[in-house]
Amino acid sequence: MLLSPFMNRLALALCFVSLAALGQPAPDAGTSDTSPAVTAAPPPSEAAATSEDSNDSTCPEGFNEDEGDLSDSTVLGALQVEVDGRGLSPTGLEFRGLHRLTDAQVRRLVGAPSVDASHPLTATAIQTLLHRLARTGLFARVEPRVRVSDSGPALLEVTLEEHPTVTSVALEGLQDLRPEELWDELFERPSRLSDADDEEEVATVRVHTRHGTLRIVSPCPPPRPSRGWLARQGSGGFRPGILLGGLDAALDRVLKTLRKDDGYLLATVSATLSPDGRLVVTVDEGHLESVEVRGVDDAMAVRVREALGLQPGDVLLRSDARRAMKRLESRLPFLRAVDSKDLQEERTHVRILEEREPDGTRRYRTQEEAKRKPRRHERVEFELGWRRMFHEWSWPGSDGFTLEGKRLIVHVRPRPPDLDVDLLPVHTQVTGFAPGLSASLRIFDFHDRVHTTLDGAFFIPLRLGGQHLPFDPEGTRSQRRVSLLGGAKVQLPALGIEELGAQVHDFVDTLDRWRLGDFDSYFYSFLINRPDRDYFRRQGFAAFATWRWARSWLAGVEVRGDTMSSLQSFTPPLSLFRHDDPPFPNAPVDAGRFRSAVVRLEYSEAAERGTRVGSLFRTPETTLFERHTNGDHEPALRGFMTLEVGEGPGVDGVDTRFWKWVGDVAMDVPMSWQTGLSLRLRAALGHDLPLQKQEALGGWTALRGYGFKEFRGADSSVLATAEYRWQNLGIFADLGSVHYASAWLDPKLGMGASFHFGDSVRFDAAWRIDDRIRLAPEARLLFNRTF
């Protein structure tokens with residue numbers, strides 16, 4: 001039977017009034033709950049309904065679910081039942097041990113029956129109440145006991161031990177960190193605690209249409225403790241209260257934040273809590289006492305410590321330790337860090353210990369403990385993925401060090417032979433597509449006396465697209481010969497000799513690697529028939545010796561004996577676009593046998609001591625040092641100069657003595673993260689140079705905006721470059737000139753802009769600044785930096 005509209009409006013008004021009454025804030029901790037509880041005893045016919053409504057079906061979803069931070073596994077004690085031989089259910093509930101909180105506050109928080117309630121408590125109801133008590137985070141211990149006597153009813157007695165109350169907090173000992181950075185961890189607020197001070201209550205409102213009455217049948221307990229009960233850091237400063245979760249858990253959170261998040265590997269935490277609630281937390285950020293090296297003998301351990309560069313007394317950060325391990329593997333490449341999977345049983349963990357004094361003072365300290373060794377299982381799990389197959393860095397955590405107290409333990413072992421294999425996606429105008437491989441095998445001497453390297457490479461020109469030399473089938477077959485290179489060298493660290501070796505070769509070579517990187521040339525040769533390089537055939541040998549008397553300095557000498565011959569561009573071009581254009585021209589060379597000696601001097605401020613030097617594809621126009629990025633964001637200078645003196649066929653075909661000097665200096669000046677200035681100056685001088693060694697300017701990155709080798713056939717050249725970068729955007733300018741028989745060409749200027757996708761990949765657009773300037777720029781997406 002439906003109620004009248006007036007009765008519906010009245011019921012709705014009563015509903016809002018009742019909900020507003022229930023939403024009033026709870027009294028603060030430590031005060032008595034004097035607000036009267038309005039209850040109405042249901043008639044006998046409704047007793048079953050009331051009992052049925054007392055379940056948790058109307059409580060917020062997840063209220064009775066365990067939360068990881070407030071798990072009751074260490075708080076909730078075992079239920080002790082004393083029935084004196086009688087199976088009775090408790091009909092009353094009593095809380096003992098409360099100090100700051102009142103009995104009424106606790107009952108209201110967990111939804112416990114009132115003191116004068118007399119109906120029996122079921123096992124399910126008891127379990128629910130105990131779990132709620134444990135998960136409030138307010139109690140260190142919850143110990144239930146059912147007490148039954150002959151003269152009275154059974155009583156559920158719960159002894160509660162509140163977490164300590166904190167009245168004031170002081171943080172001491174911090175040097176690098178600020179106290180505000182640790183407040184959130186010390187006074188962590190669980191997800192079920194809202195920012196508002198008001199409590200939330202949920203109730204079931206039931207309207208009995210038959211009698212026209214409204215009543216609240218099952219009020220749900222508050223889903224969280226009142227903020228007014230808890231110690232916390234608010235906008236107005238520190239607020240006294242119970243420390244949610246306990247002080248040992250709070251200190252453990254602080255310690256984990258210091259060690260894992262902030263990276264203070266040796267940090268420790270101690271605290272003193274006085275009986276009146278004054279808390280003093282002392283943080284030691286962790287000073288290194290010593291460095292111990294395991295896995296090598298004493299003499300090598302001394303060298304390892306020197307390479308690490310970590311000194312006793314330093315505050316040890318995780319980033320410092322990782323940089324030290326990288327520095328170790330760079331300076332002593334014949335050693336490697338032990339994989340972290342092998343160190344699991346040697347790692348330790350820390351925990352907070354509590355000590356209580358007779359006067360009530362509590363003291364807390366950090367204690368290192370060895371991890372329990374896991375049981376050995378016969379089952380082996382193997383995971384294979386593309387990253388683990390092709391990217392060594394993807395294996396998780398391989399720091400190679402452990403901690404024992406304030407000591408850093410470094411674990412190293414001899415490095416096994418190292419084999420590197422790289423794909424050579426060669427594509428040129430004189431070979432077409434010629435894929436190949438290069439390989440390098442390094443054999444290390446654990447005693448650091450002689451390290452041996454074996455190098456080799458090959459690439460095979462494929463007959464695709466009908467490419468050939470017009471009217472020259474013999475020349476077509478000759479240019480499709482396999483290119484081979486092979487060499488061996490040793491490193492003698494005691495004598496400062498970085499390279500002592502030789503190589504033999506019969507391959508297609510170029511002297512234009514200083515202009516454009518290998519991949520960029522191959523890519524644009526295939527894409528648009530614009531390799532921007534000249535090639536020739538080179539057969540012979542090279543013997544070399546390189547000394548490295550300091551980390552950044554290198555000196556070397558090289559003897560070369562080669563027979564060189566010209567190559568012609570295949571037709572039609574094998575390219576994705578512009579394949580209808582004429583083949584990209586390849587300049588001829590002075591053919592014949594050449595003998596020369598090359599001396600060089602190099603400097604690289606960013607070079608690490610143990611980095612590789614040299615390559616199979618070595619030329620006098622390029623450095624032996626690899627290009628190193630400046631991770632410290634400080635100005636870095638690098639450069640080299642070479643002098644080649646030789647003899648070979650000249651322009652008139654008669655053997656002629658020639659010489660050529662090349663100098664190339666560059667500097668990076670970082671100004672902030674990914675912002676900085678790069679400068680370069682390259683100069684070359686020569687006399688009686690064969691065609692392949694003559695100087696030329698124009699093209700990428702040798703006077704951008706102009707055509708490839710637009711100014712060629714010179715005996716000398718000068719090129720200056722300036723680039724400025726703001727984050728991903730940059731601008732650049734190239735200024736260069738060449739010298740012919742008796743005069744210098746007027747300086748030529750090229751300017752442009754770039755968009756950077758990282759440290760190496762960038763998109764450049766360049767314009768020539770002369771009387772032939774055009775609106776459309778020359779543009780390239782480049783993947784390698786050549787200076």
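A salt bridge is a side-chain nitrogen of Lys or Arg within 4 Å of a carboxyl oxygen of Asp or Glu. The exercises below apply this definition and others to a predicted model.

**Exercise 1. Salt bridges**

Task: Determine which side chains meet Lys489 and Asp420 in salt bridges, and where the partners lie.

Solution.

Step 1. The side chain of Lys489 meets that of Glu499, with N and O 2.8 Å apart. This distance satisfies the definition, because the cut-off is 4 Å.

Step 2. Lys489 belongs to strand E23 (residues 483-492) and Glu499 to strand E24 (residues 497-509), so the pair is ten residues apart and links distant parts of the chain. Both Lys489 and Glu499 are buried.

Step 3. Asp420 forms its salt bridge with Arg612, at 3.1 Å from N to O. Here, too, distant parts of the chain are linked: Asp420 is in strand E20 (residues 418-428), Arg612 is in the loop between E27 and strand E28 (636-649), and 192 residues separate them.

Step 4. Asp420 has 29% relative accessibility and therefore counts as partly exposed. Arg612, at 26%, is likewise partly exposed.

Step 5. Another salt bridge, of 2.8 Å from N to O, joins Glu602 and Arg600. Glu602 is buried because its relative accessibility is 1%, and Arg600 is buried at 7%. Elsewhere, salt bridges with shared partners connect Asp509, Arg513, Asp518, Arg533, Arg538 and Asp562 in one network. The search of the whole structure finds 57 salt bridges.

**Exercise 2. A buried acid without a salt bridge**

Task: Glu162 is buried yet has no salt bridge; establish which side chain of opposite charge is nearest, and which backbone nitrogens its side chain reaches.

Solution.

Step 1. Glu162 is located in strand E4 (residues 155-162). The nearest side chain of opposite charge is that of Arg100, 6.7 Å away. The pair is not a salt bridge, because that would require a distance within 4 Å.

Step 2. The backbone must be considered next. A polar atom of the Glu162 side chain lies 3.1 Å from the backbone nitrogen of Arg100. The Glu162 side chain also reaches the backbone nitrogen of Leu101, at 3.1 Å.

Step 3. Leaving aside residues up to four places away in sequence, Glu162 touches several others, among them Leu98, His99, Leu138, Phe139 and Ile242.

**Exercise 3. The two sides of a helix**

Task: Decide which residues of helix H7 (residues 298-308) are buried, and why they line one face.

Solution.

Step 1. The buried residues are Met300, Ala301, Val304, Ala307 and Leu308. Viewed down the axis of H7, the buried residues fall within an arc of 120°, and therefore they line one face of the helix.

Step 2. A general rule is helpful here. An α-helix has 3.6 residues a turn, so residues three or four places apart point the same way.

Step 3. Asp298, Ala299 and Glu306 are exposed on the other side of H7. The buried residues pack against strand E14 (290-294), helix H8 (318-331), strand E15 (335-337) and strand E19 (407-414).

Step 4. Gly309, just after H7, adopts a positive phi of about 70°.

**Exercise 4. Backbone angles in two loops**

Task: Identify the peptide bonds that are cis in the loops holding Pro572 and Thr701, and the residues other than glycine with positive phi there.

Solution.

Step 1. In the loop between strand E26 (553-566) and strand E27 (592-604), the bond from Thr571 to Pro572 is cis, with omega near -5°. Arg578 lies in the loop between E26 and E27 and has a positive phi near 60°. Arg578 is partly exposed, because its relative accessibility is 42%.

Step 2. In the loop between strand E31 (695-697) and strand E32 (711-714), the bond from Trp700 to Thr701 is cis, with omega near -20°. Leu703 is found in the loop between E31 and E32, and its phi is positive, about 80°. Leu703 is buried, because its relative accessible area is 0%.

**Exercise 5. Strand pairing**

Task: Describe how strand E34 pairs with E33 and E35.

Solution.

Step 1. E33 (residues 716-726) and E34 (residues 729-739) run antiparallel and are joined by eleven bridges. Within this pairing, Tyr724 stands opposite Ile731.

Step 2. The two strands E33 and E34 form a hairpin with two residues between them, and Gln727 in the turn has a positive phi of about 50°.

Step 3. E34 also pairs with E35 (residues 748-756), in the antiparallel sense, over eight bridges. Leu735 has Leu749 in E35 as its bridge partner.

Technical notes: Residues are numbered from 1 along each chain as its sequence is written. Side-chain values use heavy atoms; hydrogens and water are left out. Helices (H or I, at least four residues) and strands (E, at least two) are DSSP runs, numbered from the N terminus. Buried means under 20% relative accessible area, exposed over 50%, partly exposed in between (1.4 Å probe, protein chains only). Lys and Arg count as positive and Asp and Glu as negative; His and the chain ends are not counted. A polar contact is a pair of N or O atoms within 3.5 Å; within protein, one must be able to donate a hydrogen and the other to accept it, and residues adjacent in sequence count only if both atoms are side-chain atoms. Contact means heavy atoms within 4.5 Å. The arc is that of the directions from the helix axis to the C-beta atoms. Two strands pair if DSSP finds at least two bridges between them.
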